[in-house]
Amino acid sequence: LGSCNKTFDEKDSKILAHIASKYCPDQRVCIWNIELNPQGRAIKLSGETDLPEALNALKDSLKQDGFIVKDKQVIVYPDSSLGSYMYAVAIPSVLNIRSKPSFSSELATQSLMGWPLRLKFRIGDWYKVQTMDGYLGWANKAALQLLSQNEWQEFRDSKLYIFKGKDDFVFTTPNGKILQDLVAGCLIKGNISNHIGWHNAILFNGLNGFVESVHLVPFEEFSSQKTNQDMILDQARKWMGRPYLWGGTSPRAMDCSGYTKMIYHQFGYSLPRDASQQVRLGDTVSTDADLPGVLPGDFLFFGNKGQDGANDKITHVALYLGKGRIIHSTGQVKIESLRKDDPDFAPDRYQTFLIA
């Protein structure tokens, strides 16, 4: 009988915050925009989410607290705007993913040819997509090959290869005209051709061409390769001088976390997109800018120290080379030092170092 007179109070409003912090603490990788609209002992939910399990947990908590819950105004993604399509792959070598559904919007991240994207919903010619690392953004239909569940499974079962060269092309015939450009890390469908030294490449826009076999690695071999920090650092140096690009994660141009992400992608690892996400991985080695115990290959993070109990704000990441030297993307991929006596000492990085 007490629940008949149940009214919404501060305790109930905290339920929503608790569910959000548990299921979607980082809205860069999930959709959780839910509002509570109390009407007596009933609560109408409205908004959008791609976390049905979180929505169910919210409803169960509110019901246990004595409310009648109505959720007809909540949109759960993926939704009907997608039709039969659930996945997509990038057609160009590098796919630009925007923060909003507009070509003039900020570049949020990138995806390479052939790597899968989950579709969430569609507005006109723009699709809300989620990359392999979970990052959300907008991609235009013109650059996507849309896949149904069956087509996605067929794609996964096909013979796949990783392009391991630096920059090259798919040709119409061996040494023929250029059909498509490629960058390191692109994923293609292919078959061994009767032309020695060449593979037949099946592109995602339906075209067929040829790639030099020396640049291709079977996906099974790529995904099971063994690596070590020397190989990682050799790969890092390989991209010296490449330009900085906010939102860039491709070998052509990259921001700081896009650079570290791109390096590890070449070895089959999918790191989180941003420096503030990458810092959550691994173990803390040092918080001293003189770097005691820090080894070549460790990640160094920089930013602003939190004040009055606030969390630190991570804004930059670099790889440690040893002897105080770091390699990172800042203006371009370059090597600098955190030791004051070195000619390439970077005082701003020394002063903003937070954690290794």
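These legends accompany an overall view and several close-ups of one predicted protein model. Local features are described where pLDDT is at least 70, side-chain atom pairs count only at pLDDT 80 or more, and totals for chains, interfaces and linings use all residues. Residues are numbered from 1 along each chain as its sequence is written, and side-chain values use heavy atoms, with hydrogens and water left out.

**Figure 1. The whole chain, with its 8 helices and 24 strands.** Helices (H or I, at least four residues) and strands (E, at least two) are DSSP runs, numbered from the N terminus. Along the principal axes, the C-alpha atoms fill a box of roughly 80 × 55 × 35 Å. Of the 356 residues, 50% are buried; here buried means under 20% relative accessible area, exposed means over 50%, and partly exposed lies in between (1.4 Å probe, protein chains only). The accessible surface comes to about 17600 Å², and carbon and sulfur atoms account for 50% of that surface. Accessible areas come from the Shrake-Rupley method with a 1.4 Å probe, and for residues only the protein chains shown count as cover. Among contacts (heavy atoms within 4.5 Å) between residues at least 6 apart in sequence, 57% join residues at least 24 apart.

**Figure 2. The disulfide between C24 and C30.** A disulfide is a covalent bond between the sulfur atoms of two cysteines; in this model it is assigned to a pair of cysteine sulfur atoms within 2.5 Å. A search of the whole structure finds 1 disulfide, and in the C24 and C30 pair the sulfur atoms sit 1.9 Å apart. The torsion about the S-S bond is about 100°, so this disulfide is right-handed. C24 is buried, at 4% relative accessible area, and C30 is buried too, at 6%. For your notes on other cysteines, C186 is buried with a relative accessible area of 0%, and C256 counts as buried at 7%.

**Figure 3. D168, a buried acidic side chain without a salt bridge.** D168 belongs to strand β12, which covers residues 167-171. What is the nearest side chain of opposite charge to D168? It is R252, 10 Å away. For this comparison, Lys and Arg count as positive and Asp and Glu as negative, while His and the chain ends are not counted. A salt bridge would need a side-chain nitrogen of Lys or Arg within 4 Å of a carboxyl oxygen of Asp or Glu. The D168 side chain does make a polar contact with the side chain of H215, at 3.1 Å. A polar contact is a pair of N or O atoms within 3.5 Å; within protein, one must be able to donate a hydrogen and the other to accept it, and residues adjacent in sequence count only if both atoms are side-chain atoms. Leaving aside neighbours within four places in sequence, D168 is in contact with F163, Q180, D181, L182, E212 and H215.

**Figure 4. The salt bridge between K261 and D133.** This pair is one of the 15 salt bridges in the structure, with an N to O distance of 2.7 Å. K261 lies in helix α6 (residues 256-265) and D133 in the loop between β8 (126-130) and β9 (136-140), so the pair ties together parts that are 128 residues apart in sequence. Both K261 and D133 are buried.

**Figure 5. A salt bridge within helix α5, between D234 and R237.** The closest N and O atoms of D234 and R237 are 3.7 Å apart. Both residues lie in helix α5 (residues 229-238), 3 residues apart, or about one turn of the helix. R237 is partly exposed, with a relative accessible area of 38%.

**Figure 6. The salt-bridge network that includes D255, R273 and D274.** The linked residues are D26, R28, D255, R273, D274 and R280. Within this network, the side chains of D255 and R273 meet at 2.7 Å, N to O. The pair links distant parts of the chain, 18 residues apart: D255 is in the loop between β19 (253-254) and α6, and R273 is in the loop between α6 and α7 (275-278). Are these two residues buried or exposed? D255 is buried at 5% relative accessible area, and R273 is buried at 1%.

**Figure 7. The surroundings of D274.** D274 is found in the loop between α6 and α7 and counts as buried at 15% relative accessibility. Its side chain makes a polar contact with the side chain of Y135, at 2.8 Å. Not counting residues up to four places away in sequence, D274 touches R28, Y135 and S257.
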